[in-house]
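Reader: I have the sequence and the coordinates open, and I should like to go through the labels attached to them. Could you take me from each value to the term it earns?

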Amino acid sequence: MSCQKTQVVTLYRRLLRLHRQKLPFHMRQMGDSYIKKEFRDHQDAKPEFVGPFIREWTKYADTLESQANNGEKFGQDLDEETKSKLSEEQRLQIQRLERESGQFRTGE
């Protein structure tokens, strides 16, 4: 197994473990399905995309762990600079996630 593949598998397991240990059930359900889809969609990614993929998901894991350990609310808003760099597909995906997460908050 290549070094990058080992890193990806280790990160995947870490993320699911963090969700299991730190997130409320409804957030865990949505988060787990999103992680599984993203990792599945990127399993055949070109090597130049794997490094950034690992970095971003590692930042997410570190943030989640820090927020959980410090008793903070989960998540953070995207800054305007990051929003301006999103593709149309990414914007639509964020809108879909906001709708889905809003359903959990309101109990729909």
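Reader: In this predicted model, how many residues apart are Glu 56 and Lys 59 in helix 3, and what makes their pairing a salt bridge?

Author: Glu 56 and Lys 59 are three residues apart in helix 3, about one turn of the helix. Their side chains meet with N to O at 3.3 Å, and because a salt bridge requires a side-chain nitrogen of Lys or Arg within 4 Å of a carboxyl oxygen of Asp or Glu, the pair earns the name.

Reader: Why is Glu 56 called partly exposed, and what is Lys 59 called?

Author: Glu 56 has 48% relative accessibility, and Lys 59 likewise has a relative accessible area of 48%. Partly exposed covers what lies between buried, under 20%, and exposed, over 50%, so Glu 56 is partly exposed, and so is Lys 59.

Reader: How do you know that Arg 28 and Asp 32 form a salt bridge, and is Asp 32 buried or exposed?

Author: The closest N and O atoms of Arg 28 and Asp 32 are 3.5 Å apart, which satisfies the limit of 4 Å, and both residues lie in helix 2, four residues apart. Asp 32 has a relative accessible area of 12% and is therefore buried, the cut-off being under 20%, whereas Arg 28, with 29%, is partly exposed.

Reader: What makes Asp 41 and Lys 37 a salt bridge, and how are they placed in helix 2?

Author: The closest N and O atoms of Asp 41 and Lys 37 are 2.5 Å apart, and they form a salt bridge; being four residues apart in helix 2, they are separated by about one helical turn. Asp 41, with a relative accessible area of 46%, is partly exposed, as is Lys 37 at 35%.

Reader: Why is Glu 38 said to have no salt bridge?

Author: The nearest side chain of opposite charge, Lys 37, is 5.0 Å away from Glu 38, and because a salt bridge needs a nitrogen and an oxygen within 4 Å, Glu 38, although buried, has none. Glu 38 is found in helix 2, and beyond the residues up to four places away in sequence it touches Phe 53, Trp 57 and Gln 93.

Reader: Which residues of the largest nonpolar core touch the most other members?

Author: Of its 13 residues, these are Leu 11, Leu 15, Ile 35, Phe 39 and Trp 57. Helix 1, helix 2 and helix 3 each give two or more residues to this core, with helix 3 giving the most, six residues.

Key. Residues are numbered from 1 along each chain as its sequence is written. This is a predicted model: local features need pLDDT of at least 70, side-chain atom pairs count only at pLDDT 80 or more; totals for chains, interfaces and linings use all residues. Side-chain values use heavy atoms; hydrogens and water are left out. Buried means under 20% relative accessible area, exposed over 50%, partly exposed in between (1.4 Å probe, protein chains only). Lys and Arg count as positive and Asp and Glu as negative; His and the chain ends are not counted. Contact means heavy atoms within 4.5 Å. A nonpolar core is a set of buried Ala, Val, Leu, Ile, Met, Phe, Trp, Tyr and Cys residues joined through side-chain atoms within 4.5 Å.
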